[in-house]
Amino acid sequence: MTSTGGIAPGRTGEVMVSIRGGVEAFLARDADNGTVAPYTEIVVVDYVPPRLVVVTPLNQES
């Protein structure tokens with residue numbers, strides 16, 4: 001999955017999610033209320049119906 005627009009702390013962004021053999025856009029928030037840069041690979045950690053997902057960057061550096 002990929003974040004297409006940046007996600008700022010406390011704000012909603014947009015991600016593209018591979019689902020059902022295609023790709024769909026979902027509204028997204030960062031799981032840690034942080035920043036996700038545009039075009040970052042992400043992992044969906046929660047789903048809030050109808051079209052919101054909670055995400056975290058795939059490669060978090062510690």
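Is T56 buried or exposed? The model in which this is to be settled is a predicted one. T56 has a relative accessible area of 15%, and a residue counts as buried when this value is under 20%; T56 is therefore buried. The residue lies in strand β5. If neighbours within four places in sequence are set aside, the contacts of T56 are D30, D32, I42, V43 and V45.

The setting of this residue becomes clearer once the whole chain is considered. The chain contains 5 strands and 0 helices, so that, read from the N terminus, the order of its elements is β-β-β-β-β. A compact globule of 62 residues would be expected to have a radius of gyration near 11 Å, and the value for this chain, 11 Å, agrees with that expectation. The C-alpha trace extends over about 35 × 20 × 20 Å along its principal axes. Of the contacts between residues at least 6 apart in sequence, 43% connect residues that are at least 24 apart.

The interior may be examined next. Buried residues account for 26% of the 62 in the chain. The largest nonpolar core consists of 9 residues, namely I7, V15, V17, F26, A28, V36, I42, V53 and V55. Two or more residues of this core come from each of the strands β2 (13-19), β3 (22-30) and β5 (52-57). V53 is one of the core residues, and its contacts, not counting residues up to four places away in sequence, are V15, F26, L27, A28, R29, V44, D46 and Y47. Among these partners, V15, F26 and A28 are themselves members of the core. I42, another member of the core, is one of the residues in contact with T56.

A contrasting case is P9, which is found in the loop between β1 (2-3) and β2. The relative accessibility of P9 is 47%, and the range from 20% to 50% is called partly exposed; P9 therefore belongs to that class. Although P9 and G34 are separated by 25 residues in sequence, their C-alpha atoms are 4.6 Å apart in space. Beyond its neighbours within four places in sequence, P9 is in contact with N33, G34 and T35.

Finally, the surface and the charges may be described. The accessible surface of the chain amounts to about 4000 Å², and carbon and sulfur atoms contribute 53% of that area. The chain carries 4 positive and 7 negative charges, and the mean positions of these two groups are 11 Å apart.

Conventions
Residues numbered from 1 in each chain as written. Predicted model: local features only at pLDDT ≥ 70, side-chain atom pairs only at ≥ 80, totals over all residues. Heavy atoms only, no water. Core = buried A, V, L, I, M, F, W, Y, C linked by side-chain atoms within 4.5 Å. Buried < 20%, exposed > 50% of the residue type's maximum accessible area, 1.4 Å probe, protein only. Helix = DSSP H or I, 4+ residues; strand = E, 2+ residues; numbered from the N terminus. Contact = heavy atoms within 4.5 Å. Rg over C-alpha atoms; globule rule 2.2 N^0.38 Å. Areas by Shrake-Rupley, 256 points an atom, 1.4 Å probe, with all protein chains shown as cover. Lys, Arg positive; Asp, Glu negative; His and termini not counted. Charge placed at Lys NZ, Arg CZ, Asp CG, Glu CD.
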